[in-house]
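Biologist: Got a minute to go through this model with me? I'd like to ask about it piece by piece.

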Amino acid sequence: MIQSLYTRVVLTFLVAVIGGTTISFFMATWVFEDKLNENLQIPLVNFGQDIVHIFETLPFNEAEQFIREMHQLESYYIRIYEEKGQFKSYGEQKGVPLANVTMTQVQSVLDGEVIQVNPGGVSSIFVGMPLQTAMGTKAMFIEPISLPSTSFAIKLILNFATYALVIGSVVFIVAARFLVKPIKKLTTATKHIAGGDFNVELNIKQSGELGTLAKSFEDMAEGLQQLEQMRREFVSNVSHEVQSPLTSISGYAAALKQVDITDEEKSRYLDIIMSEAKRMSKMSDSLLKLSLLESKTQPMQCATFSLDEQIRRVIVAIQPQWSARNIQFNLHLQAVHIMADYDQLNQVWTNLLTNSIKFSNEGSMIGVSMKQDAHHVIVRVSDSGIGISLEDQKRIFERFFKADRSHSRKYDGSGMGLAIVKQIVSLHQGDIQVESKLGQGTTIIIQLPLITQ
């Protein structure tokens, strides 16, 4: 079995062209044959009428001598039959097989009938007509012994078909090489990607299906490269985030083994160990939640509920966090009902409000507003905290990303909250945006459709 696409394309073309040319030639010859015979019979009849006129005008011997000297005899062969079947011939046979004239045909012509016979084939036609001479009626039969125009036409067709086949095949073989070349590039690029090298450039400038395929392939390679980079960053971040609490747990556990520590120190060490373990558990839970959201293995439980009431309940639930820092809320909430997953949106408001409280100054104000239009509801959560740089705003929804690394120890967290928020909003066919300036606070804007499927 032929494996090469290039070879298969070329062979398919050659078979198609050769077969099509052969069939077309025979069909054209078959269709053209009747017309050719019809056109050839006309000059035969005209030539025969000229011969008849010569014999009727001149004495038989002079007419016979005149005919023998005619140049038309190079193309025509004449037989003049007597009643008993004897005949005189004029012209050279040139090795061409003559048509078989029967006595029935001879008798029909002698009776005054003009006949046109086509036994089969272009070169087999002949014409019979009566010839009145001083010696009585004779039967004259004329047939072509060479068809120069027809032979030339056939030769021209054959030569044209041959040249067209050869030149067309050469052109197609070259064209097929250029056609298959991008596919070979794609094959090579696929092997590079399979080996972990996603930095591929095809440089395929063709348009059409191959150009679209190449562009899609390059986009896929770029996407895979980004995914690989994200995977490496994810592994690095997980290792970093896990290593820190593990180091603390290991260090304080070793300290507990010392004999000369006080009960107060033991209690403090145990509190630190429990806090770090809780931190790891929370991070693990966040990873599991985000994984479930991204894989969509956990179906959404959609129901209709009051969105403004849900936000108020979340604020009440996290009161210990904001009351401890003397933070107040400025609420502008319309009464809006939405169909969504209650628990998932509850997680969204909890994460957003917790972040706002965490990064706000003590005694500051957090604003929560909500408005709706014909198709959407827009929720804005604003604080006057530390803010986010323009560069970091592009990455705040990535897992483990912390906008201000210098505050990573001061502000506890794993950097998973906003990644979870974005994934939940996306599952609800919504949109999330951020507006922020360093030192001037941050506003998170969430747009949700009033009805989600």
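Biologist: What pLDDT does the chain average?

Modeller: Keep in mind that this is a predicted model. Of the residues, 77% score at least 70, and the chain's average pLDDT is 78.

Biologist: And over which residues does pLDDT stay under 50?

Modeller: Look for a stretch where the model has 2 contacts beyond four places in sequence. The stretch with pLDDT under 50 is residues 405–409.

Biologist: On to the sheet with 5 strands: which strands stand at its edges?

Modeller: It's an open sheet with mixed pairing, in the order β7-β9-β10-β12-β11. An edge strand has a single partner, so one side of it is left without a neighbour in the sheet. From one strand to the next the twist averages 10°. The edge strands are β7 and β11.

Biologist: Which residue in β10 is the bridge partner of valine 368?

Modeller: Strands β9 (residues 365–372) and β10 (residues 376–383) run antiparallel, joined by 6 bridges. In β10, the partner of valine 368 is valine 381.

Biologist: What about the helices on that sheet: which strands does α11 touch?

Modeller: Helix α7 (residues 307–317) lies across β7, β9 and β10, at about 175° to β7. α11 packs on the sheet too, its direction making about 140° with that of β11. The strands α11 touches are β11 and β12.

Biologist: Is threonine 442 buried or exposed?

Modeller: Threonine 442 sits in strand β12 (residues 441–449). Residues it touches include Val381, Ile388 and Val434. Its relative accessibility is 9%, and the cut-off for buried is under 20%. So threonine 442 counts as buried.

Biologist: With which side chain does the side chain of threonine 442 make a polar contact?

Modeller: Ser436 and Glu435 are both among the residues that threonine 442 touches. The polar contact, at 2.8 Å, is with the side chain of serine 436.

Biologist: Glutamate 435 forms a salt bridge with which residue?

Modeller: The pair links distant parts of the chain, 55 residues apart, with glutamate 435 in strand β11 and its partner in strand β10. Glutamate 435 is partly exposed at 40%, and the partner is partly exposed at 31%. The closest N and O atoms are 3.6 Å apart, and the partner is arginine 380.

Biologist: How many salt bridges does the structure hold?

Modeller: One of them joins the side chains of glutamate 64 and arginine 68, at 3.5 Å from N to O. The structure's total is 7.

Biologist: Which residues are linked with Glu64 in a network of salt bridges?

Modeller: Glutamate 64 is buried at 10%. One partner lies 4 residues away in helix α2 (residues 60–68), about one turn of the helix. The other is in strand β2 (residues 87–90), so that pair ties together parts 24 residues apart in sequence. The residues networked with Glu64 are Arg68 and Lys88.

Biologist: Last one, on the backbone: what is the phi of asparagine 326?

Modeller: Most residues other than glycine have a negative phi. Asparagine 326 is found in the loop between α8 (319–324) and β7 (328–333), and it is exposed at 54%. Glutamine 429, in the loop between α11 (417–427) and β11 (431–437), has a positive phi of about 60°. For asparagine 326, phi is positive as well, at about 55°.

Note on methods. Residues numbered from 1 in each chain as written. Predicted model: local features only at pLDDT ≥ 70, side-chain atom pairs only at ≥ 80, totals over all residues. Heavy atoms only, no water. Helix = DSSP H or I, 4+ residues; strand = E, 2+ residues; numbered from the N terminus. Buried < 20%, exposed > 50% of the residue type's maximum accessible area, 1.4 Å probe, protein only. Polar contact = N/O pair within 3.5 Å; in protein donor to acceptor, adjacent residues only side chain to side chain. Contact = heavy atoms within 4.5 Å. pLDDT = per-residue confidence, 0-100. Pairing = 2+ DSSP bridges. Axes fitted to C-alpha atoms, helices over the stretch in contact; angles between N-to-C directions. Salt bridge = Lys/Arg side-chain N within 4 Å of Asp/Glu carboxyl O.
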